[in-house]
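Welcome to this short briefing on a molecular structure. Take a look at the sequence and the 3D view first, and then we will go through some details together.

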Amino acid sequence: MVLLAGGAGGSTFAVGLRDVIAERGGHLTVICNTADDLWVHGLRIQPDVDSMLYGLAGVKDRERGWGRAGDSDRVSHELAEWGLGWDWFTLGDLDLGTHIARTAWLRGGVDVAAVVERLSARWPLGATLLPMTQAEVSTFVDLGDETIHFQEWWTRYRAKREPVAFANPGMDAATPAPGILEALEQADVIVLAPSNPVVSIGTILAVPGVREAILASPAPVVGVSPIIGGSPVRGMADVCLRVVGAECSASGVAGLYGARDDGGLLDAWLIAEEDAGEAAAIEGLGIRPVVRPLWMRDVPLTRALASDALAAAATATS
Ligand code: GDP
Ligand code: CA
């Protein structure tokens, strides 16, 4: 089984999917977004990879939804005393340990995929975690008068400044990280996590070769809507959708991914009970709508959602 995912929504869902797959004797490979990656104080940070790593390892701070549980921020305070750092981007002490290890390995010549493998080896994740690419292809946000890194727009400005466009310089020359094309080729099921469709899933699909590999795969492709009742749940996905001209709705995102029969990605699309009224519109796109509870409020609900996604895949024709 292969999952395409971002950070918060992606890692929450991945834990449920891993548990369900493990019960069935299968294996999960997660292809994780790296377009949020950035350099801070000379350290390489991979927000979505780290959320996935900590989530699968069971060491994520569940309340905040990111970072390590029980972390402290002594180092960040110390850096502030030196006039370094940004008050909108705090990194915990344990989290900084991850970034220092990652950067040390990168500086020592270890490639990005091998670094993620080393980080993954620390805990029994019960899944294979792959970065989407080894290339630096961060998302930049064009605000008209200036262009800033996605992370600054998202975290500092809480997506309140209206973007003109997103760009991922270097994406055209990027290649999928080792193992990705093989995983997609051998997948029995491909799942699109309830992640940001533009800046998490959209960037993974933009890595040359990834979309093509999914289209070429005989495996059914199932997605879980990140939009419930016309709202982006947690986060500001509505702004991202507006920028690419899609409606912030379950059917809007389905249209963005497209129907398999129509040159798009989806065989089936899980939508919330609140959005049952959009089922006909989704069917009209050529995608099979499956109405289910989509709130990942706790682990049992998340496992049930993962199980529903696999059931939808089993009945999807491809
Ligand atoms: P990020 O990289 O940290 O922004 O996280 P992702 O891209 O993986 O996921 C963010 C998206 O997850 C949000 O925009 C929400 O739409 C979605 N999301 C968060 N919680 C839930 C939930 O409980 N259910 C569903 N269906 N979607 C959720
Ligand atoms: Ca992210």
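How far is the sulfur of Cys32 from the closest cysteine sulfur? The answer is 16 Å, and the partner at that distance is Cys240, so the two are too far apart for a bond. Please keep in mind that this is a predicted model. The points below move from the cysteines to the calcium ion, then to ligand 1, and end with some helices and loops.

**Cysteines**

- The structure contains zero disulfides.
- A disulfide needs two cysteine sulfur atoms within 2.5 Å, and the 16 Å between the sulfurs of Cys32 and Cys240 is too far for that bond.
- Cys248 is in no disulfide either, as its nearest cysteine sulfur, again in Cys240, is 9.9 Å away.
- Is Cys32 buried or exposed? Cys32 counts as buried, because its relative accessibility is 0%.

**The calcium ion**

- Which residues hold the calcium ion, ligand 2? Asp36 and Asp48 coordinate this ion through their OD atoms, with Asp48 listed twice, at 2.0 to 2.6 Å.
- These two residues link distant parts of the chain and are twelve residues apart.
- Asp36 sits in the loop between β2 (29–32) and β3 (38–40), whereas Asp48 belongs to helix α2 (residues 47–57).
- With a relative accessible area of 6%, Asp36 is buried, and Asp48 is buried as well, at 7%.

**Ligand 1 and its surroundings**

- There are 20 residues around ligand 1, and those that come nearest are Ser195, Ser200, Pro226, Arg234 and Leu294.
- By character, this shell divides into ten nonpolar, eight polar and two charged residues.
- Helix α1 (residues 8–23) provides the largest share of the shell, with three residues.
- Backbone atoms come up in several contacts: a polar backbone atom of Pro232 is 2.8 Å from an oxygen atom of ligand 1, and a backbone N or O atom of Gly9 lies 3.2 Å from an oxygen atom of the ligand.
- For Leu294, the partner is a nitrogen atom of ligand 1, which lies 2.8 Å from a backbone N or O atom of this residue.
- How much of ligand 1 does the protein bury? Taken alone, ligand 1 exposes 590 Å², and the protein buries 93% of that.

**Helix α2**

- Helix α2 is mostly covered, with eleven of its eleven residues buried.
- Among the buried residues of α2 are Pro47, Val49, Met52, Leu53 and Tyr54, along with Asp48.
- Gly55 also lies in helix α2, and it counts as buried because its relative accessibility is 12%.
- Gly55 and Gly10 are 45 residues apart in sequence, yet their C-alpha atoms are 9.4 Å apart in space.
- Right after α2 comes Gly58, which has a positive phi near 75°.

**Positive phi outside glycine**

- Most residues other than glycine have a negative phi.
- His41 is not a glycine, but its phi is positive, at about 50°.
- Where is His41 found? His41 is in the loop between β3 and β4 (43–45), and with a relative accessible area of 36% it is partly exposed.
- Val233 is not a glycine either, and it has a positive phi of about 65°.
- The loop between β10 (221–224) and α10 (237–243) holds Val233, which is partly exposed, with a relative accessible area of 29%.

**Two more places to visit**

- Glu146 lies in the loop between β6 (140–142) and β7 (147–149), and it counts as partly exposed at 35% relative accessibility.
- Along the chain, Glu146 and Pro163 are 17 residues apart, and their C-alpha atoms are separated by 9.9 Å.
- Ser251 is part of helix α11 (residues 250–257), and with a relative accessible area of 15% it is buried.
- Which side chain does Ser251 meet in a polar contact? The side chain of Ser251 is joined to that of Glu278 by a polar contact of 2.6 Å.

Notes. Residues are numbered from 1 along each chain as its sequence is written. Chains are lettered from A and ligands numbered from 1 in the order in which they are written. This is a predicted model: local features need pLDDT of at least 70, side-chain atom pairs count only at pLDDT 80 or more; totals for chains, interfaces and linings use all residues. Side-chain values use heavy atoms; hydrogens and water are left out. Buried means under 20% relative accessible area, exposed over 50%, partly exposed in between (1.4 Å probe, protein chains only). Donors are N, O and S atoms within 2.8 Å of the metal (3.2 Å for Na, K and Ca); water is not among the atoms, so sites may look incomplete. Helices (H or I, at least four residues) and strands (E, at least two) are DSSP runs, numbered from the N terminus. A residue is near a molecule or strand if one of its heavy atoms lies within 4 Å of it. A polar contact is a pair of N or O atoms within 3.5 Å; within protein, one must be able to donate a hydrogen and the other to accept it, and residues adjacent in sequence count only if both atoms are side-chain atoms. Accessible areas come from the Shrake-Rupley method with a 1.4 Å probe; for residues, only the protein chains shown count as cover. Ala, Val, Leu, Ile, Met, Phe, Trp, Tyr, Cys and Pro count as nonpolar, Asp, Glu, Lys and Arg as charged, and the others, Gly among them, as polar.
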